[in-house]
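Please walk through the fold of this protein chain, from its overall make-up to individual residues. An explanation in plain paragraphs is wanted.

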Amino acid sequence: MRKFLMAALGGTVAGVVLTTQVAGPLVAQETDKPNVYEQLDLFGDIFERIRSQYVEPVDEGKLIEAAINGMLTSLDPHSSYLAPDAFDDMRVQTRGEFGGLGIEVTQEEGFIKVVSPMDGTPAAEAGIQAGDFITHVDGESVLGLTLDQAVDKMRGPVGSEIVVTVAREGVEEPFDVSIIRDTIKLTAAKGRLEGHTVVLRVTTFNDQTYDNMAEALKKSVDEAGGMEKVNGFVLDLRNNPGGLLTQAIKVSDAFLDKGEIVSTRGRNPQDSERLNAEPGDLAEGKPVVVLINGGSASASEIVTGALQDHRRAIVVGTKSFGKGSVQTVIPLRGEGAMRLTTARYYTPSGRSIQALGIAPDIVVEQPKPKPADAAAAEPESAASRSRSEADLRGAITNDTMSEDEKRVWEEEQSKAEEAAKLREDDYQLAYAIDILKGLSAIAVAE
């Protein structure tokens with residue numbers, strides 16, 4: 001039975017890939033429990049009564065589909081039935097281009113909870129945040145709907161408008177957010193140079209992730225002037241809901257030379273699997289900091305757990321989402337499929353993060369955005385500004401620096417001030433870069 005291994009956050013994606021495995025066709029198995037057949041007879045009786053006596057004619061296919069989905073969703077939040085169109089959408093999503101809002105969602109207490117908005121998507125640009133609850137779609141409550149039904153309401157033609165009502169922690173009243181649906185084209189990984197640090201931003205784990213990341217890493221290292229000019233790497237997995245397990249393994253392996261990456265354990269011991277790293281470290285032993293938050297889930301947690309357990313990276317940020325289960329997508333007759341939880345995964349040290357998440361080595365909260373009127377505050381007065389020796393009238397000059405040395409010093413100061421500005425835009429990332437700067441300074445001193 002051919003399998004495509006995947007690992008993604010449970011729930012349903014309104015424009016993002018799910019974490020799953022794909023297995024062969026479902027084969028019916030006999031059961032030795034006679035009461036099961038009695039229950040099936042009961043189901044048949046109820047089905048016939050609904051079909052013949054319900055107040056309005058019903059679609060028999062939809063009745064069966066609803067029964068199947070109800071059976072699966074009663075197991076856990078991540079098992080469900082995929083109708084043929086939803087199954088097609090899932091396969092398209094793993095290729096990295098699809099239509100939608102660009103959010104990963106799950107269901108909690110009857111409402112739709114945003115696990116993470118994807119970078120550069122309509123949802124992210126509209127200000128949707130991880131942890132938001134969507135209570136209404138176009139004025140209609142989602143309470144009482146299944147996750148798939150709620151997501152269907154959020155789908156629509158590219159270019160059309162949708163208004164979602166959002167309840168957010170710390171905000172007293174729910175508020176409406178208008179989003180224009182668009183085709184989501186995800187670059188799974190991007191890279192950039194911040195001073196002497198290479199920042200690798202991985203937004204999802206699809207077919208393109210490892211190749212995108214490896215290319216971005218090489219380009220950034222070349223831009224820095226070679227690996228000897230790089231002081232370390234930041235792997236930014238914040239708000240990454242997961243994706244293909246195979247890609248999570250490749251990304252982990254990119255920074256490891258040996259050792260276990262992850263193990264999966266199913267109901268049957270023979271289904272257990274242990275996956276190991278192969279020789280080769282794209283970072284060539286340079287220090288690594290991994291950034292995570294509450295929107296980092298599943299495949300993101302696999303990478304984080306592997307690098308943390310092997311002491312290959314310092315993990316910074318806030319606790320991750322805590323999805324430690326693996327789903328298998330099993331094709332069914334009629335071109336649909338079922339997504340079924342079939343295993344738990346474990347980090348190299350043998351820990352399961354299911355419902356617990358990964359705790360960062362250094363907890364760093366991201367400050368809440370400043371109010372819009374803060375930017376209009378009065379500028380700092382001359383009296384309150386800090387002063388130095390150079391500001392004093394008649395101060396003597398420094399006689400130990402040549403003009404060239406002074407110019408280099410001024411350039412370094414300018415770079416330091418630019419780096420400080422990053423703290424206002426992304427405090428967690430600035431903190432991670434500062435860690436690498438400190439490690440680099442220690443290495444130089446030694």
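The paragraphs below go from the whole chain to its cores, a helix pair, the salt bridges and a few loop residues.

The model is predicted. The protein chain has 10 helices and 23 strands. Of its 446 residues, 43% are buried. Taking contacts in the protein chain between residues at least 6 apart in sequence, 69% join residues that are at least 24 apart.

The interior can be described through its nonpolar cores. In soluble globular proteins, nonpolar side chains tend to be buried together. Here the largest nonpolar core holds 42 residues, and the members touching the most others are L200, M213, F233, L235, F255 and V290. A second core, separate from it, has 19 residues, including I103, A150, I162 and I179. L200 shows what surrounds one member of the largest core. With neighbours within four places in sequence set aside, L200 is in contact with K190, G191, M213, A216, L217, F233, V234, L235, D236 and F255. Four of these names, M213, F233, L235 and F255, also appear among the core members that touch the most others.

M213 leads on to a helix pair, since M213 in α6 is one of the residues that meet α7. Helix α6 covers residues 209-224 and helix α7 residues 245-253; their axes are 9 Å apart and the packing angle is about 25°. Angles under 35 degrees count as roughly parallel, so α6 is roughly parallel to α7. On the α6 side the contact is made by T209, Y210 and M213, and on the α7 side by Q247, K250 and V251. Sorted by class, this contact has three nonpolar, two polar and one charged residues. Helix α7 is mostly covered, with seven of its nine residues buried. These are L245, Q247, A248, I249, V251, S252 and D253. Q247 and V251 are thus both buried and part of the contact with α6.

The next topic is charge pairing. Side chains of opposite charge can pair when their charged atoms come close. The count for this model comes to 15 salt bridges. One of them is between E48 and R51, whose closest N and O atoms are 2.7 Å apart. Both residues lie in helix α1 (residues 34-53), three residues apart, or about one turn of the helix. An α-helix has 3.6 residues a turn, so residues three or four places apart point the same way. E48 is partly exposed, at 39% relative accessibility, and R51 is partly exposed as well, at 36%.

A second salt bridge joins D236 and R201, with an N to O distance of 3.5 Å. D236 is in strand β15 (residues 232-236) and R201 in strand β14 (residues 197-202), so this pair ties together parts that are 35 residues apart in sequence. D236 and R201 are both buried. They also belong to a network of salt bridges that links D119, R201, D236, R238 and D426. D236 was met above as a contact of L200.

A third salt bridge is formed by the side chains of D281 and R312, at 3.0 Å from N to O. This pair links distant parts of the chain, 31 residues apart: D281 is in the loop between β18 (273-276) and β19 (288-292), and R312 in the loop between α8 (299-309) and β20 (313-317). D281 is buried, with a relative accessible area of 16%, and R312 is buried at 15%.

Some loop residues complete the picture. E284, like D281, is in the loop between β18 and β19. Its phi is near 50°, a positive value in a residue other than glycine. E284 is exposed, with a relative accessible area of 59%. S298, in the loop between β19 and α8, also has a phi near 50°. S298, however, is buried, at 0% relative accessibility.

P348 lies in the loop between β22 (337-346) and β23 (362-363) and is partly exposed, at 21% relative accessibility. The C-alpha atoms of P348 and D309 are separated by 6.3 Å, although the two residues are 39 apart along the chain. Apart from neighbours within four places in sequence, P348 is in contact with E260, I261, G305, A306, D309 and H310.

Definitions and conventions
Residues are numbered from 1 along each chain as its sequence is written. This is a predicted model: local features need pLDDT of at least 70, side-chain atom pairs count only at pLDDT 80 or more; totals for chains, interfaces and linings use all residues. Side-chain values use heavy atoms; hydrogens and water are left out. Axes are lines fitted to C-alpha atoms, for helices over the stretch in contact, and angles run from 0 to 180 degrees between N-to-C directions. Helices (H or I, at least four residues) and strands (E, at least two) are DSSP runs, numbered from the N terminus. Angles under 35 degrees count as roughly parallel, over 145 as roughly antiparallel, 65 to 115 as roughly perpendicular and the rest as oblique. Contact means heavy atoms within 4.5 Å. Ala, Val, Leu, Ile, Met, Phe, Trp, Tyr, Cys and Pro count as nonpolar, Asp, Glu, Lys and Arg as charged, and the others, Gly among them, as polar. A salt bridge is a side-chain nitrogen of Lys or Arg within 4 Å of a carboxyl oxygen of Asp or Glu. Buried means under 20% relative accessible area, exposed over 50%, partly exposed in between (1.4 Å probe, protein chains only). A nonpolar core is a set of buried Ala, Val, Leu, Ile, Met, Phe, Trp, Tyr and Cys residues joined through side-chain atoms within 4.5 Å.
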